[in-house]
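Work through the exercises below with the structure open. Each task is followed by a stepwise solution.

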Amino acid sequence: MELKNLLWSLEDGILTLTINRPDKLNALNEQTILDLKSAFENAKTISHLKGVILTGAGEKAFVAGADISEFVGNTPEQAKALAQRGHDIFNSIESMPVPVIALVNGFALGGGCELAMACHLRIATPNAKFGQPEVNLGIIAGYGGTQRLTQYIGKARSLEMHLTADVIDAEKAHQFGLVNYVEMDKATAMEKAVYLINKIGSKGPLAVSKVIEVINDYFKDGVDGFASEVNAFGELFNSPEVKEGVEAFLEKRKADFRKF
Ligand code: COA
């Protein structure tokens, strides 16, 4: 796997991916999108991966959007294909079986806000800024932003953000329920992300993957999330993890799920 605009660092079962185009505020050009696709495909093959942290290089941005310079001359068909590819990649991030945390360290605009929202949890630094400013360019969000922002913050707030292109700061994003935590700086945010991934990593891995899958089902058209929950609950009883978890409780010891 060759990554050009994405830094890959795997340590103690935690993969940190850093989007690395700081001179362009980490804007998602075609190469960066393809790097994200390869990185997450590869991440799925890492055994005992506990989680992924996704962040942006430099002091100013997580990701300032899709690369606007690549919009020039697009036909409607090309634009549709571009959006579809983004959807496919962001959906694959959302369906990762381990937690993916966005560490939002600056601008998360357009595709950047959409990328952060495709992650399972978001931790922001105080300089983080969230927005869907596409209408400024005469376009709309194309990487799932109309849907996910509405899921996270509700229709009225989402409509306002998409319609006005207004940007909200980290505190407001926290108040809206868009981010889980605001930490005082990038180092502290990283510590929090590692803490959360290690905490989740001590739970039953299959159960963790099922939580993600079933909660995602809530938002899928034509899928009955309640039925998914019943099925997943049943399926888990095929796994040695349930035996370990239940036995550990009854024996008053801590469950050791990492042995599986
Ligand atoms: N696509 C392509 N390039 C981008 C970009 C994007 N989404 N966002 C920033 N850049 C580039 C700028 O063109 C500039 O490149 P240059 O130095 O070669 O001219 C560089 O990143 C730095 O950006 P700059 O605008 O000078 O920084 P700033 O601090 O003055 O402003 C923003 C920061 C985020 C407010 C501003 O860059 C911006 O509005 N970006 C576009 C945001 C957007 O509309 N995103 C949705 C896209 S669909």
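A residue counts as near the ligand if one of its heavy atoms lies within 4 Å of it. The model is predicted.

**Exercise 1. The ligand shell**

Task: State which residues come nearest to the ligand, and sort the shell by residue class.

Solution.
1. Apply the 4 Å cut-off. There are 17 residues around the ligand.
2. Pick out the nearest. These are Lys24, Lys60, Ala64, Ala66 and Ile68.
3. Sort the shell. It holds ten nonpolar, two polar and five charged residues.

**Exercise 2. Polar contacts of the ligand**

Task: Find the ligand atoms that face polar atoms of Asp23, Lys60 and Ala64, then give the covered share of the ligand.

Solution.
1. Start with Lys60. A polar atom of its side chain is 2.6 Å from a ligand oxygen.
2. Go on to Ala64. Here a backbone N or O atom lies 3.0 Å from a nitrogen atom of the ligand.
3. Add Asp23. One of its polar backbone atoms is 3.5 Å from an oxygen atom of the ligand.
4. Turn to area. On its own the ligand has 860 Å² of accessible area, and the protein covers 58% of this.

**Exercise 3. The sheet of four strands**

Task: Give the strand order, explain what the edge positions imply, and place helix α3.

Solution.
1. Write the order: β4-β6-β8-β9. The sheet is open and its pairing is mixed.
2. Look at the edges. β4 (61-63) and β9 (168-169) each have a single partner strand, so one side of each lacks a neighbour in the sheet.
3. Place the helix. α3 (residues 111-118) packs on the sheet and touches β4, β6 and β8 (129-131). Its direction makes about 80 degrees with that of β4.
4. Check one pairing. β4 and β6 (residues 107-109) run parallel, with two bridges. Val63 has Ala108 of β6 as its bridge partner.

**Exercise 4. The sheet of six strands**

Task: Trace this sheet from edge to edge and give the sense of three of its pairings.

Solution.
1. Write the order: β1-β2-β3-β5-β7-β10, an open sheet with mixed pairing.
2. Mark the edges. β1 (6-11) and β10 have a single partner strand each, so each has one side without a neighbour in the sheet.
3. Begin at β1. Six bridges join it to β2 (residues 14-19), and the two run antiparallel. Leu7 is opposite Thr18 of β2.
4. Inspect the turn. Two residues separate the strands of this hairpin, and Asp12 has a positive phi near 50 degrees.
5. Move to β5 (residues 100-104) and β7 (residues 121-124). They are parallel, over four bridges. Ala102 stands opposite Arg122, and Val104 opposite Ala124.
6. Finish at β10 (residues 181-182). Two bridges join β10 to β7 in parallel. Here Ala124 is opposite Val182.

Key. Residues are numbered from 1 along each chain as its sequence is written. This is a predicted model: local features need pLDDT of at least 70, side-chain atom pairs count only at pLDDT 80 or more; totals for chains, interfaces and linings use all residues. Side-chain values use heavy atoms; hydrogens and water are left out. Two strands pair if DSSP finds at least two bridges between them. Contact means heavy atoms within 4.5 Å. Axes are lines fitted to C-alpha atoms, for helices over the stretch in contact, and angles run from 0 to 180 degrees between N-to-C directions. A polar contact is a pair of N or O atoms within 3.5 Å; within protein, one must be able to donate a hydrogen and the other to accept it, and residues adjacent in sequence count only if both atoms are side-chain atoms. Accessible areas come from the Shrake-Rupley method with a 1.4 Å probe; for residues, only the protein chains shown count as cover. Ala, Val, Leu, Ile, Met, Phe, Trp, Tyr, Cys and Pro count as nonpolar, Asp, Glu, Lys and Arg as charged, and the others, Gly among them, as polar.
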